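Please look over the sequence and the model that follow, and keep both at hand while reading. The text moves from one helix to the whole chain and then to a few loops.

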Amino acid sequence: MNLPELFEKKMKTLLKDEYTDYINCYEEPRHYGLRVNTNKISVEEFLKIAPWPLEPIPWISNGFYYNGDLIQPAKHPYYFAGLYYLQEPSAMTPANRLPIEPGDKVLDVCAAPGGKATELGAKLKGKGVLIANDISNSRAKGLLKNLELFGIGNMLVLSEEPGKLMEYFPEYFDKILIDAPCSGEGMFRKDKKMVKAWEEHGPEFFAKIQRSILNQAASMLKPGGMLLYSTCTFDPSENEQSIEYLLDAYPEFEIESIVPFEGFVQGIPEVSLSGREELKKTVRIFPHKMKGEGHYLALLRKGTTQEKGETSKKVSSKKKLPEELETFWRNISWELDPSRLDIHGERVYYMPEGLPKLQKIRFLRSGLLLGELKKNRFEPSQALAMYLKKKEYALILDFPISDERVVKYLKGDTLEVEDLTSSKDKGWYLVCVDGYPLGFGKLSNQMLKNKYLPGWRWMGSNYETSTR
């Protein structure tokens, strides 16, 4: 592989005697990763049903390698059930090492396509709020789909300049993740096109963007809150020097240690401008030392923990559920809080708690889209289907993975289900595969009218069932 001369010179300086090992790793195959969605299934339960051999990623508790040359996990019904996300192994590290607790208010600043946001949302366990932002509206649409597929409901998906978010969320977040735009040097082995992009916009270009985002994030983080900064590049100006910039500009920040792994390499104080020793607490991932691509991570805490005031008492809401929604909701075991409903035209959203007033901000999604109010009826959404657990809904059609109707449903076909229902059955059914929801269908006369979201439908040929 032809690497830019300036890049090679820099890497020789960084790696010294290890440079040859680094260059030799370009001859090795890339590594494919799969991360289990612990919001829907435990790792142990997933391993019982996984259709292919998997090898644990040793520093990611819910991460696994798979053979991407032989299998296509994105062409399997379990993918459509949101049971896992396909992600490069090193890229799993930032969201894994940011210590999220249920109830946190979390921001993913540059979130598309959702690899890190889906893990942050899963770790929240439905409590608190995840705000996932990406400046690109087209990329944010893919982000929204991935979050809904993962069953994340306590979220806002935005498409804004990070600077505009400062107006709405001053010192609001408990945790912030910045997977910063970068020159992508760590991905040269995985994607040769990144080399050309590097030649067009190198480290100096991205370092300015990164520092602007760090400034904005610093103002949105609560005292005592934690920020994880990551890149997929090796350049010191985008890594140690960007963290050095943050520490100089905001002395209340300090670097925290990251949960270690034997393949991690300490940050390099010598490549910073000041030589701060605490930069050794940051982490570099090199592809010749670990089975993954290049990455950099720094975990920081802002100041001291903010004293908690009295918890605001919940005001009883005078709102009532719309009659059509109330009728539908009799089939669901958990109770809606009417004060959290937000109705726009026909659409009904269920909002996270504790949000500030948000006006004139670009949403792709605010909260969980429950569905639409039609004349004399309520039609549930695809997002609600993915949010629900099988045990929470009364009317279920649960197909085994071997049933050909699973793929027919995902393709949008009407299904014959007389073997599973009686002639008296009708209504909205939650369609599952091996107990995990895929979407809704409307049953009448033992035929299931398909309500799977058209934009999500299975394209191409059927998958081939495989065994371990």
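A residue is called buried when its relative accessible area is under 20%, exposed when that area is over 50%, and partly exposed in between. In this predicted model, the term applies to Glu 240, Gln 241, Ser 242, Ile 243, Glu 244, Leu 246 and Leu 247 of helix 11, which are buried. Because seven of the 10 residues of helix 11, which spans residues 240-249, are buried, the helix is largely enclosed by the rest of the structure. Which elements do the buried residues of helix 11 pack against? Their partners are helix 10 (203-220) together with four strands, namely strand 9 (221-231), strand 10 (253-256), strand 12 (283-285) and strand 13 (295-302).

Helix 11 belongs to a chain that has 14 helices and 23 strands. For its 468 residues, a compact globule would have a radius of gyration near 23 Å, and the value of 24 Å found for the chain agrees with this. Taken along the principal axes, the box filled by the C-alpha atoms is roughly 75 × 55 × 35 Å. Of the 468 residues in the chain, 56% are buried, and among the contacts between residues at least 6 apart in sequence, 72% join residues at least 24 apart.

Turning to the surface and the charges, the accessible surface of the chain comes to about 21800 Å², with 48% of it belonging to carbon and sulfur atoms. The chain carries 65 positive and 65 negative charges, and the mean positions of these two sets are 6 Å apart.

Some details of the backbone are found in loops. The peptide bond from Ala 112 to Pro 113 is cis, with an omega near 5°, and Pro 113 lies in the loop that runs between strand 5 (105-108) and helix 6 (115-124).

A positive phi occurs at Asn 376, where the angle is about 65° although the residue is not a glycine; Asn 376 is placed in the loop between strand 17 (368-374) and strand 18 (377-380). Is Asn 376 buried or exposed? With a relative accessible area of 69%, Asn 376 is exposed.

Gln 446, likewise a residue other than glycine, has a positive phi near 60° and is found in the loop between strand 22 (436-444) and strand 23 (447-450). Its relative accessibility is 22%, so Gln 446 counts as partly exposed.

Definitions and conventions. Residues are numbered from 1 along each chain as its sequence is written. This is a predicted model: local features need pLDDT of at least 70, side-chain atom pairs count only at pLDDT 80 or more; totals for chains, interfaces and linings use all residues. Side-chain values use heavy atoms; hydrogens and water are left out. Buried means under 20% relative accessible area, exposed over 50%, partly exposed in between (1.4 Å probe, protein chains only). Helices (H or I, at least four residues) and strands (E, at least two) are DSSP runs, numbered from the N terminus. Contact means heavy atoms within 4.5 Å. The radius of gyration is taken over C-alpha atoms; the globule rule is 2.2 Å times the number of residues to the power 0.38. Accessible areas come from the Shrake-Rupley method with a 1.4 Å probe; for residues, only the protein chains shown count as cover. Lys and Arg count as positive and Asp and Glu as negative; His and the chain ends are not counted. The place of a charge is taken as NZ of Lys, CZ of Arg, CG of Asp or CD of Glu.
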